[in-house]
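Trainee: Could you walk me through how the terms for this model are applied?
Mentor: Gladly, let's take them one at a time.

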Amino acid sequence: MPLNRRMALLGSGGTLLAGSGAAAISFLRMGSSDGYAATVAASRAALGADPDLKELVRFATLAANGHNTQPWRFRLSQGRIDILPDFTRRTPVVDPDDHHLYASLGCAAENLALAGAASGRRGTPRFDDSGDGSIAFEFGPGPSQPSTLSHAIPRRQSTRMDYDGRAVGAEDLRALATAAAVPGVDVVLLTDRPRLDRMRDLIVAGNDAQMADAAFLRELKDWIRFNPRDALARGDGLYGPCSGNPALPAWLGPFMFDLAFKAKAEREKIARQVQSSAGVAVFVAAVSDRDHWVRAGRACQRFALQATALGLKLAFLNQPTEVPRLRPELAALVGLPGRRPNIVMRFGYGPTMPMSPRRPIDAVLI
Ligand SMILES: Cc1cc2nc3c(=O)[nH]c(=O)nc-3n(C[C@H](O)[C@H](O)[C@H](O)COP(=O)(O)O)c2cc1C
């Protein structure tokens with residue numbers, strides 16, 4: 001998914017062009033990165049003292065989700081919030097069976113439950129497999145219990161840069177594994193170099209397969225927002241500067257993508273990313289159905305929030321889960337043969353990047 005290094009290098013010319021002043025920026029009609037940062041900061045404000053249900057939904061939408069399509073809608077009622085899948089926001093090429101869509105709903109459900117507890121509304125998200133694929137969060141009154149994880153919600157991000165290679169201590173690794181414990185999901189942490197090397201090779205193999213697929217590239221490109229103006233207008237998608245790429249005018253972005261997104265550079269980038277990470281977490285549910293895909297999403301969101309609280313960065317490298325023929329080898333690598341691995345996430349110490357956009361809450365309410 002990430003754009004590549006050559007795009008960043010090639011794009012430095014574009015940055016220079018834009019850097020020659022506000023006039024050049026408005027000429028290019030890219031919008032301002034300051035305006036972008038202010039809007040995104042407002043969407044990530046801390047929860048107030050007595051948040052209403054819309055505020056809880058805002059926190060739910062800050063969850064990780066595939067391609068940042070935000071494939072969810074929310075229905076509010078007395079004592080209950082339902083999260084419904086929004087199938088108009090599917091990504092059928094990379095996610096033909098909606099596995100990522102349901103995992104994304106699980107990430108949002110976890111945020112919702114944590115924000116609910118923080119505001120004195122306790123409950124456990126429940127997936128109804130016989131129904132319309134929605135998740136019910138029914139809550140009752142309780143003490144307001146903000147937690148390490150709920151505080152981390154607005155600060156968590158997918159950081160797709162190189163990390164600094166430092167190891168994570170045993171106590172913090174234990175905290176990560178404990179936080180990620182969700183019934184029905186195993187999380188396996190790889191920190192030894194021999195297995196990380198095998199993991200890198202699987203990610204590269206998956207990436208090579210995807211880059212050879214024109215439909216995959218078309219779908220990915222469709223969800224990239226090349227400049228602040230487009231990112232704010234749509235409120236979704238993959239904003240280039242979040243991945244270290246320069247903002248580009250809408251007419252130039254797709255052209256630069258085609259020019260710069262090449263397999264060899266991506267292979268080198270993946271190798272650097274895995275090498276510079278402290279480890280990789282693999283989430284594997286016991287059963288492969290929608291209920292367990294939601295649970296895997298909840299587990300990975302909890303892991304990511306705990307990592308954020310510990311000052312770590314994280315990023316998904318899901319290619320070997322997305323290319324079906326690679327799943328058996330990935331499952332064997334983590335000692336769970338025969339199962340379908342759900343999510344691959346690297347972690348380590350790295351830089352803070354711009355935060356990704358979200359749509360306004362009214363756009364996701366039913
Ligand atoms: C199920 C799932 C799969 C994902 N797969 C990838 C991936 O393969 N590569 C990647 O860079 N990000 C991946 N992401 C991360 C999303 O792109 C990211 O969460 C989204 O753009 C929002 O950005 P944020 O996490 O910084 O809030 C995935 C997220 C989810 C929930």
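Trainee: What makes the backbone of Asn 318 a polar contact of the ligand?
Mentor: A polar contact is a pair of N or O atoms within 3.5 Å. A backbone N or O atom of Asn 318 lies 3.4 Å from an oxygen atom of the ligand, so the pair qualifies. Keep in mind that this is a predicted model, where local features need pLDDT of at least 70 and side-chain atom pairs count only at pLDDT 80 or more, while totals for chains, interfaces and linings use all residues. Residues are numbered from 1 along each chain as its sequence is written, and side-chain values use heavy atoms, with hydrogens and water left out.

Trainee: Which other atoms of the ligand have a polar partner at 2.6 Å or 3.4 Å?
Mentor: An oxygen atom of the ligand is 2.6 Å from an N or O atom in the side chain of Arg 160. A nitrogen atom of the ligand is 3.4 Å from a polar backbone atom of Phe 316.

Trainee: How many residues surround the ligand?
Mentor: There are 20, counting a residue as near if one of its heavy atoms lies within 4 Å. Arg 156, Ser 158, Arg 160, Ser 356 and Arg 358 are the closest.

Trainee: How do you know that β1 and β2 pair?
Mentor: Two strands pair if DSSP finds at least two bridges between them. Six bridges join β1 to β2 (residues 80-85), so the two are paired, and they run antiparallel. Strands here are DSSP runs of E with at least two residues, and helices are runs of H or I with at least four, numbered from the N terminus. Ser 77 has Arg 80 in β2 as its bridge partner, and Arg 73 stands opposite Leu 84. Two residues lie between the strands of this hairpin, where Gly 79 takes a positive phi near 70°.

Trainee: Why is α5 called mostly covered?
Mentor: Buried means under 20% relative accessible area, exposed over 50%, and partly exposed in between, with a 1.4 Å probe and protein chains only. Since 20 of the 20 residues of α5 are buried, the description fits.

Trainee: What makes the span of α5 close to expected?
Mentor: The expected span is 1.5 Å times one less than the number of residues. For the 20 residues of α5 the expected value is 28 Å, and the helix reaches 29 Å from its first C-alpha to its last. Gly 120, with a positive phi near 80°, follows α5.

Definitions and conventions: Polar contact = N/O pair within 3.5 Å; in protein donor to acceptor, adjacent residues only side chain to side chain.
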